[in-house]
Amino acid sequence: MKKFLYAFLILTITILWSSCRKDFVTVPSSGQLQFSKDTVYLDTVFTNIGSSTYNLKVYNRSDDDIRIPTIQLGEGENSNYRLNIDGIAGKVFEDVELLANDSMFVFVETTLDINDFAGGNQFLYTDAIEFDTGSNEQKVELVTLVQDAVFLYPQQFDDGTIETLLLGVDDEGNESRVEGFFLEDTELDWTNEKPYVVYGYAAVGQNQVLNIEAGTRVHFHADSGLIVGNLGSLQVNGALSMTEELENEVIFEGDRLEPGFANVPGQWGTIWLTDGSTNNKIEYATIKNATIGVLTENSDDPNNPTLLLNNSQIHNSATVGLLARTGHIEANNSVIGSAGQASLYLNLGGKYTFRHCTFANYWSNSFRVFPTVLIDNFLDVGNGTIFTADLVQADFSNCIIYGNNGIELLFNKVENDSSVLLKYNFKNCLIKFDDFNNRFVNDPLYNFNDTDIFENIVFNSDPDFKNTDTSEFIIGDNSGAIGIGNTPSSAPIIIQNDILGNPRSIMSDVGAYNHTTFDDD
C-alpha cells in the first residue's frame, strides 16, 4: 500500500511539474513559415473610422517547436495598423513560440486620418507584417484604401445625451423620439465629390429641399436614415450610367464597406417621407440593405404624387422595400427587389400608378409569409382599433410581379364596410399566382376573368431573371415577359426606354428591362 501511495505521489508531482512549465525546447524559426494569405486587404475605410478586424493564420509545418525572434509591423510603432497576437495587442513582438505542426492567428485592424496624407479624397495606405529579420525574414503585405467623407451626425450635449428628433406624441402624452438632427441650410446640397456618412436620422425641415447630385454615395450607420418633414422635399437627381460602376446613380447603403456586408439586409433604417412632405423625386437611385427601403405616408394632394420614383432600384430590405401608407406614388421603370416581408406594401389606401416596374421577391434569409405585392385599405393597430382609408387607385401596367412563393399578389379589404374603396387595375402584366389548392377561386377580389380589372395578364410564366441571388432582375431570352406589353408611341417619354436606356417597341417586354441574351459563364 505504501509503495502504491509513493508511486501515486511521484506521478502527481510529475504531472503538476509538467503542467506548470512555461517553457519548452524550441529552435529559431528558419524562415519556413506558411501563411493563409500573402496580402491582407482591409478593404475601404472612411477617415477616422476604425476598420473591422481581419485575421491572418500563420502555420508551422515543421516537426520542431519554433521560436520566431520578432513579429513586427514594417513601420514599427509609427504604423497606423494594430496587431493582436495571443491576446496581446501591439506593433512589435519578440520571441513568439509556435508548436510543431501548429498554427496561430494574427489579428489586424487600422484607423486612418486622410489628413495625414498628401492630397486627394482617397489614399492607398500600405505596410507589412515582418516575421524575423535578415535572411529568414518573411513578409505579409497590408493594404487599405482610406476614403475621405462628409460626416453628418446629431449633437452630443455636455451631459452625454444625444440630440433627438420628435416623431410624435401618443394619447397619454408620451413622446416618440429618435436620435437625429435637422440639416442646416448649408448641408442641403449633396455632391459626388465625397461620400456622405450619416449617423442618426438626418431630417429635412419645413420649406427645405435636399438636393442630391448624380453620382453621390450616401452611407448610413446602423439605425440611421433620412426623414423628410412637413413641407420638406427630397430631390435625388441621379442619371443613366454607362458602366457597371453606376457612376451616375445615387447609391444609398450602409457604412460597412467590407465585402461580407455587401448583401446584409437591415444595416440601416429607411428613407422616410413623412406626412406633409411634398414633391419628392428619386431618379436613378439604388437603395439597398435597409430595414425599409422607402417609407411614405399620407398625401393631401390628389393631383401631384408625394413621390415620383423613376429608373430606380430597391434591394435586399429586411422588412419591406417600398411601404406606402395612404400614399400617392407614381413609379416608372423601377425595380423593387427582395425583402423579408413584401417588396411592395400599399397599406391603408392611397393612390398609385406603376408603369414598367419589376417587383421580384426571392428572399432566402428566412421563411417569408408575405407576398411580393400586398395591397389593403385598413390598418389594425390592436385593441379593436382599425383605421380605414380609400384605395382610390392602384394601377399596374406592363409590370412583373414574381417571386419564390406560390402566391405573390394579395388584396385585403376591411370587413363589414363596403363603403371603403379598394380599387385596383392590372394591364399587360406577368404575375405569379399559383393557386394550386383553389383557395381564391370564389373570392371576388381575385376575379381574373373581369377584364375591366385584369386585362391581358399572363400567369406563372418564368420571367427568366438573370440571377435572383444577386438581385439581377434583367430578363433573358426565355422570359414569359417578352412581348406581352403595350407601350404605344403616345406613352410618357419616361417609359419609352427601359431602365438601361434601351428603346422599347410597341409590343414591349414588361417590367423595367428589355430582354437580353445572357453571356455563358
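1. Let's start in the middle of a sheet. Strands β6 (residues 81-85) and β9 run antiparallel and are joined by five bridges. Within that pairing, I85 faces V106 of β9. Keep in mind while you look around that this is a predicted model.

2. What does β9 pair with besides β6? Strand β4 (residues 54-60) is a partner of strand β9 (residues 102-110), in the antiparallel sense and over seven bridges. To find the spot on screen, look for Y59, which stands opposite S103 in β9. β4 also has β2 to pair with: two bridges join them, again antiparallel, and F35 stands opposite V58 in β4.

3. Put those pairings together and you get an open sheet of five strands, in the order β2-β4-β9-β6-β7, with antiparallel pairing. The edges belong to β2 (34-35) and β7 (88-90); each has a single partner strand, so one side of each has no neighbour in the sheet.

4. Stay with Y59 for a moment. The charged end of R61 sits over the Y59 ring, 4.1 Å from the ring's centre. A second arrangement of this kind turns up elsewhere: R256 lies over the face of F261, with 4.1 Å to the ring centre.

5. R67 is worth a click too. You'll find R67 in strand β5 (residues 66-73). Is R67 buried or exposed? Neither label fits: its relative accessible area is 25%, and buried would need under 20% while exposed would need over 50%, so R67 counts as partly exposed. Setting aside neighbours within four places in sequence, R67 touches T26, V27, P28 and S29, and also D95, V96 and E97. With S29 the chain separation is 38 residues, yet the C-alpha atoms of R67 and S29 are 5.6 Å apart.

6. Now a stretch with parallel pairing. Strand β18 (residues 209-213) pairs in the parallel sense with strand β21 (residues 233-237) over five bridges, and V209 has S233 in β21 as its bridge partner. Strand β15 (residues 189-190) also pairs with β18 in the parallel sense, over two bridges; there D189 is matched with N211 of β18.

7. β18 has two faces to look at. L210 and I212 make up the covered face, while V209, N211 and E213 are on the uncovered one. So two residues you've just met as bridge partners, V209 and N211, belong to that uncovered face by the definition of cover used here.

8. On to the aromatics. A search through the whole structure gives 30 aromatic pairs. How are the rings of F426 and F454 arranged? Their centres are 5.6 Å apart and their planes lie at 10°, so this pair counts as stacked. The two rings come from distant parts of the chain, 28 residues apart: F426 is in strand β39 (residues 425-431) and F454 in strand β40 (residues 454-459). Both partners are hidden from the surface: F426 is buried at 0% relative accessibility, and F454 is buried at 3%.

9. Two loop residues deserve a look at their backbone. As background, most residues other than glycine have a negative phi. N279 is not a glycine, yet its phi is positive, about 55°. N279 is in the loop between β23 (271-273) and β24 (280-283), and at 52% relative accessibility N279 counts as exposed. S471, not a glycine either, has a positive phi of about 60°; its place is in the loop between β41 (465-467) and β42 (472-475).

10. Finally, zoom out. How many helices and strands does the protein have? One helix and 42 strands. The C-alpha atoms fill a box of roughly 95 × 60 × 55 Å along the principal axes. The radius of gyration is 30 Å, whereas a compact globule of 521 residues would come out near 24 Å.

11. A few overall figures round this off. Of the 521 residues, 47% are buried. Among contacts with a separation of 6 or more, 67% are between residues 24 or more positions apart; the F426 and F454 pair, at 28 residues apart, is one link between distant parts of the chain. The accessible surface is about 25600 Å², and carbon and sulfur atoms account for 48% of that area.

Definitions and conventions
Residues numbered from 1 in each chain as written. Predicted model: local features only at pLDDT ≥ 70, side-chain atom pairs only at ≥ 80, totals over all residues. Heavy atoms only, no water. Phe/Tyr/Trp six-rings, centres within 6.5 Å; stacked < 30°, edge-to-face > 60°. Helix = DSSP H or I, 4+ residues; strand = E, 2+ residues; numbered from the N terminus. Buried < 20%, exposed > 50% of the residue type's maximum accessible area, 1.4 Å probe, protein only. Lys NZ or Arg CZ within 6 Å of the ring centre and 35° of its normal. Rg over C-alpha atoms; globule rule 2.2 N^0.38 Å. Contact = heavy atoms within 4.5 Å. Areas by Shrake-Rupley, 256 points an atom, 1.4 Å probe, with all protein chains shown as cover. Pairing = 2+ DSSP bridges.
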